Amino acid sequence: MTFVSLLYGVFLIAVLAIYWLVQAQWLRLWILLLASVIFYASLQIYYIPLLFALTFFNYRLGLILGKRSLLRLNSKDWQLSNQEWQKVQENWNKKRLRFLWLGIFLNVVLLFGFKYIPFFLNSIATLFNLPTIKEQATWVSLQLIAPLGISFFCFECIAYLVDVYRGAPATGSFLKFSAYKLFFPKLISGPITRYHHLAAQLNTLRFPSTNQVVEGLWLIACGAVKKALIADRIGILVGISFDNLERAGSGDLWLATFAYGLQLYLDFSGYVDIALGTALLMGLNLPPNFDFPYFTTSIAEFWRRWHITLGDWLRNYLYFPLGGSRQGLRRTCFNLLIVMLIAGIWHGAAWGFVAWGAYHGMALVVHRLTETLSDNIAILKKWWQTIPGIVVAWAITQLMVFTSWIFFRLPNLQDASWVFTHLWGHKADVQFAQKVYLEAIGLQREEIALLLWAIVGIMALIFALHRGLKLQLNWPLKIMLVPLSLYAVWMLAPKQGLPYIYFDF
């Protein structure tokens with residue numbers, strides 16, 4: 001069952017009908033949990049016991065971390081002196097810290113075990129020329145399939161444990177915690193949602209207003225159009241181009257890179273739109289995950305508006321604990337590099353993702369150094385605020401971002417390096433344009449480029465209306481466009497839809 005399918009539509013209508021017919025809060029939680037299990041079972045039923053075991057472990061560990069003190073457990077505690085009380089409390093705080101590290105360690109180990117063992121073994125085998133280890137890595141990769149959404153799942157668990165350790169209340173309801181952890185709209189590809197963000201809403205569930213219902217349906221329709229009607233069409237071009245690298249010319253590689261950047265954004269933001277719309281119909285607000293990231297003028301701003309919940313997680317649970325920007329410029333740059341390397345590794349088990357993380361880390365370091373230099377040179381700071389400066393900043397930022405996606409599409413460093421070294425001055429095979437553009441897509445390369453730029457133009461127009469003029473469609477117009485959009489998806493989307501890209505991460 002995928003988001004853009006008739007089966008999901010029927011499933012969602014049935015779940016919503018039962019969900020809002022019952023009045024008891026605990027029954028709604030059970031319906032949420034059961035619906036989530038059914039949704040996940042339609043994709044990977046054999047991993048449901050593992051998800052419940054991991055959920056229970058983090059729930060129990062949260063209860064331990066949530067205990068501020070053990071002194072109330074002993075009836076003789078009143079006889080303790082102030083110094084003894086402080087000593088007991090200090091010992092308990094040290095134990096809580098050890099429990100926290102235990103939880104983080106086990107979540108990371110689980111994530112590593114499913115996603116990175118073949119990569120680790122392959123790296124060792126290549127480094128020390130051990131063919132036996134390489135064979136074992138191949139066998140493990142064939143036998144071990146990572147659970148869908150395991151990266152998002154483990155990051156949410158770590159966030160919950162850290163939040164409770166820092167003072168947030170631990171939940172005493174395993175039902176509520178399970179409903180949160182397995183909530184099907186966000187389960188596979190996010191957005192990464194903190195427990196306390198959703199738990200507060202679960203306590204005060206109300207049937208959504210007319211505007212909220214329309215907005216939920218509108219988000220689902222927009223997500224379906226982004227994913228099935230646009231991203232999957234672009235994906236056909238991207239797949240053919242990158243599968244025939246050695247026949248492509250420099251212009252073809254640039255076009256494929258540009259197309260993949262659009263496909264990735266539309267695919268992932270389309271998924272998130274459907275997740276947000278689904279949650280809204282259930283009276284719940286998931287955190288936003290995108291805010292026009294391709295119209296940013298710095299890599300730091302890009303990361304505040306691309307995969308927002310991942311950026312928030314990285315800042316709160318990695319960057320700030322490492323010291324953030326409080327310990328000098330050199331340490332700040334080091335922290336940025338470490339955080340982005342971890343972000344790269346989180347996305348996938350290949351050296352290309354490590355290179356992607358290093359690329360973004362270096363870009364953030366350059367931005368921080370440029371920002372520091374500009375703060376000390378008034379003319380330079382003023383220039384970046386002029387129209388030419390803004391245009392140059394936008395062009396540099398997006399050039400960096402789009403070229404970094406090469407590592408995403410081709411995580412094998414050999415393939416990615418081939419693309420980078422052939423972006424200039426390389427001629428295409430004489431039959432490439434005929435086979436890829438005309439026969440497979442039915443358009444000339446120039447026509448495809450114009451269509452892609454038209455998509456960017458539409459995105460720019462929406463950005464200008466939303467952010468510049470603060471204009472949005474009213475709900476009567478949205479409700480009229482929803483069935484038209486879904487009908488267009490039904491009639492015009494590719495019959496064999498592509499899987500969501502972020503399912504692999």
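This passage describes the overall form of a predicted model and then turns to selected helices, loops and single residues.

The fold is helical throughout its regular secondary structure: the chain holds 22 helices and zero strands. The overall dimensions come next. The C-alpha trace spans about 90 × 60 × 55 Å along its principal axes. The radius of gyration is 25 Å, which agrees with the value near 23 Å for a compact globule of 505 residues. Of these 505 residues, 48% are buried. Contacts across the sequence tell a related part of the story: among those with a separation of 6 or more, 76% join residues 24 or more positions apart.

The surface and the charges can be taken together. About 25,200 Å² of the chain is exposed, and carbon and sulfur atoms supply 67% of that area. The side chains include 40 positive and 24 negative ones, and the centres of these two sets lie 11 Å apart.

Two helices are worth following from end to end. Helix α7 runs over residues 150–166, a stretch of 17 residues. From its first C-alpha to its last, α7 reaches 24 Å, close to the 24 Å expected at 1.5 Å a residue. Helix α7 is also mostly covered, with 15 of its 17 residues buried. Just after α7 comes Gly167, whose phi is positive at about 130°.

Helix α12 can be read in a similar way. With 32 residues, 250–281, α12 reaches 47 Å between its first and last C-alpha atoms, close to the 46 Å expected at 1.5 Å a residue. Burial takes in 30 of the 32 residues, so that α12 counts as mostly covered. Gly283 follows α12 and has a positive phi near 80°.

The loops bring some backbone details of their own. Between α9 (184–187) and α10 (195–202), the loop contains Pro191. The peptide bond leading from Gly190 to Pro191 is cis, and its omega is near 10°.

Which residues have a positive phi although they are not glycines? Phe292 is one of them, with a phi of about 50°, and His307 is another, with a phi of about 45°. Phe292 sits in the loop between α12 and α13 (299–305). Because its relative accessible area is 17%, under the 20% cut-off, Phe292 counts as buried. His307 is placed in the loop between α13 and α14 (308–319). The relative accessibility of His307 is 0%, and His307 therefore counts as buried.

Ile240 offers a last view, this time from within a helix. The residue belongs to helix α11, which covers residues 210–243. Is Ile240 buried or partly exposed? Its relative accessible area is 24%, so Ile240 is partly exposed; the class lies between the cut-offs of 20% and 50%. Apart from neighbours within four places in sequence, Ile240 is in contact with Val436 and Ala440. Tyr8 and Ile240 are 232 residues apart along the chain, and their C-alpha atoms are separated by 29 Å.

Definitions and conventions:
Residues are numbered from 1 along each chain as its sequence is written. This is a predicted model: local features need pLDDT of at least 70, side-chain atom pairs count only at pLDDT 80 or more; totals for chains, interfaces and linings use all residues. Side-chain values use heavy atoms; hydrogens and water are left out. Helices (H or I, at least four residues) and strands (E, at least two) are DSSP runs, numbered from the N terminus. The radius of gyration is taken over C-alpha atoms; the globule rule is 2.2 Å times the number of residues to the power 0.38. Buried means under 20% relative accessible area, exposed over 50%, partly exposed in between (1.4 Å probe, protein chains only). Contact means heavy atoms within 4.5 Å. Accessible areas come from the Shrake-Rupley method with a 1.4 Å probe; for residues, only the protein chains shown count as cover. Lys and Arg count as positive and Asp and Glu as negative; His and the chain ends are not counted. The place of a charge is taken as NZ of Lys, CZ of Arg, CG of Asp or CD of Glu. The expected span of a helix is 1.5 Å times one less than its number of residues.
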